[in-house]
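Trainee: Could we go through this one together? I'd like to learn how to read it step by step.

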Amino acid sequence: MKTRRSAPRTPSTKSEGPVRARRSVKKPKSGAQNVKYPDIRRDLERQRAAILNDVGEVLAHRDDPAACPDVSDQASAEVDQNFSMRIRDRERKLLKKIDEALERMDATTYGTCERCGGDIPYKRLKARPVTTLCIECKTLQEQEEQARG
Ligand SMILES: [Zn+2]
């Protein structure tokens with residue numbers, strides 16, 4: 001019969017190295033931060049659904065060749081197509097921004113200015129939920145873009 005014996009402990013009395021002063025580390029807030037802007041989140045999700053709906057409609061129209069039997073009509077149809085493609089491009093970009101905004105909400109970085117790190121006022125977020133810049137930084141950015149041409 002084997003009897004289990006715990007390995008003999010060799011108590012280490014060595015405790016070398018400098019004693020570090022313990023600093024209290026500030027933990028990032030969590031939990032409650034996630035629901036900071038529930039109404040804006042709803043706005044974003046609604047806008048997202050509306051765009052997806054619109055894009056779906058535009059695509060459905062494009063897939064209908066019977067809609068333009070004439071050559072002259074075809075020309076205008078091409079213009080329409082360019083137009084709808086431009087809209088789609090814009091919507092795709094907006095959709096991306098909305099997705100990114102929702103991601104930032106999950107990451108709790110939403111509402112923080114990308115540029116100066118300050119808080120973006122709620123009023124601005126409500127008016128432009130996909131923004132990543134506060135008014136001051138947005139103004140600066142626009143000035144820079146204008147200067148670049
Ligand atoms: Zn800023």
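Mentor: Let's begin with a definition that will help us later: the expected span of a helix is 1.5 Å times one less than its number of residues. Keep in mind throughout that this is a predicted model.

Trainee: OK, so how does helix 4 do on that, what should it span?

Mentor: Helix 4 covers residues 135-148, and because its 14 residues at 1.5 Å a residue should span 20 Å, the 20 Å between its end C-alpha atoms agrees with the expectation.

Trainee: And is helix 4 well covered or hardly covered?

Mentor: Helix 4 is hardly covered, since the count of buried residues among its 14 residues is zero. Right after helix 4 comes G149, which has a positive phi, near 100 degrees.

Trainee: Stepping back, which elements does the chain have?

Mentor: The chain has four helices and zero strands, so that, read from the N terminus on, its elements run α-α-α-α. Of its 149 residues, 7% count as buried.

Trainee: Where is the largest nonpolar core, then, and which residues are in it?

Mentor: That core has five residues, namely L44, I98, A101, M105 and Y110, and helix 2 gives the largest share of this core, with three residues.

Trainee: Let's take L44. Why does L44 count as buried?

Mentor: L44 has 20 C-beta neighbours inside 10 Å, and because 20 or more makes a residue buried, L44 counts as such. L44 is found in helix 1, which covers residues 38-62.

Trainee: What does L44 touch?

Mentor: Not counting residues up to four places away in sequence, L44 touches I98, A101, L102 and P129. Looking from the other side, and again leaving aside neighbours within four places in sequence, I98 is in contact with L44, Q47, R48 and V130. You can also compare L44 with D99: they are 55 residues apart in sequence, yet their C-alpha atoms are 8.5 Å apart in space.

Trainee: New topic: what is phi like at T108?

Mentor: Phi of T108 is near 60 degrees, a positive value in a residue other than glycine. Most residues other than glycine have a negative phi. T108 lies in the loop between helix 2 (71-106) and helix 3 (122-127), and because T108 has 16 C-beta neighbours inside 10 Å, T108 counts as partly exposed.

Trainee: Last one, what is the average pLDDT of the chain?

Mentor: The chain averages a pLDDT of 79, and 67% of the residues score at least 70. Over residues 27-34, however, pLDDT stays under 50, and for that stretch the model has two contacts beyond four places in sequence.

Conventions. Residues are numbered from 1 along each chain as its sequence is written. This is a predicted model: local features need pLDDT of at least 70, side-chain atom pairs count only at pLDDT 80 or more; totals for chains, interfaces and linings use all residues. Helices (H or I, at least four residues) and strands (E, at least two) are DSSP runs, numbered from the N terminus. A residue is buried if 20 or more other C-beta atoms lie within 10 Å of its own, exposed if 12 or fewer, and partly exposed in between; C-beta atoms are placed from the backbone. A nonpolar core is a set of buried Ala, Val, Leu, Ile, Met, Phe, Trp, Tyr and Cys residues joined through C-beta atoms within 7 Å. Two residues are in contact if their C-beta atoms, placed from the backbone, lie within 7 Å. pLDDT is the predictor's confidence in each residue, from 0 to 100.
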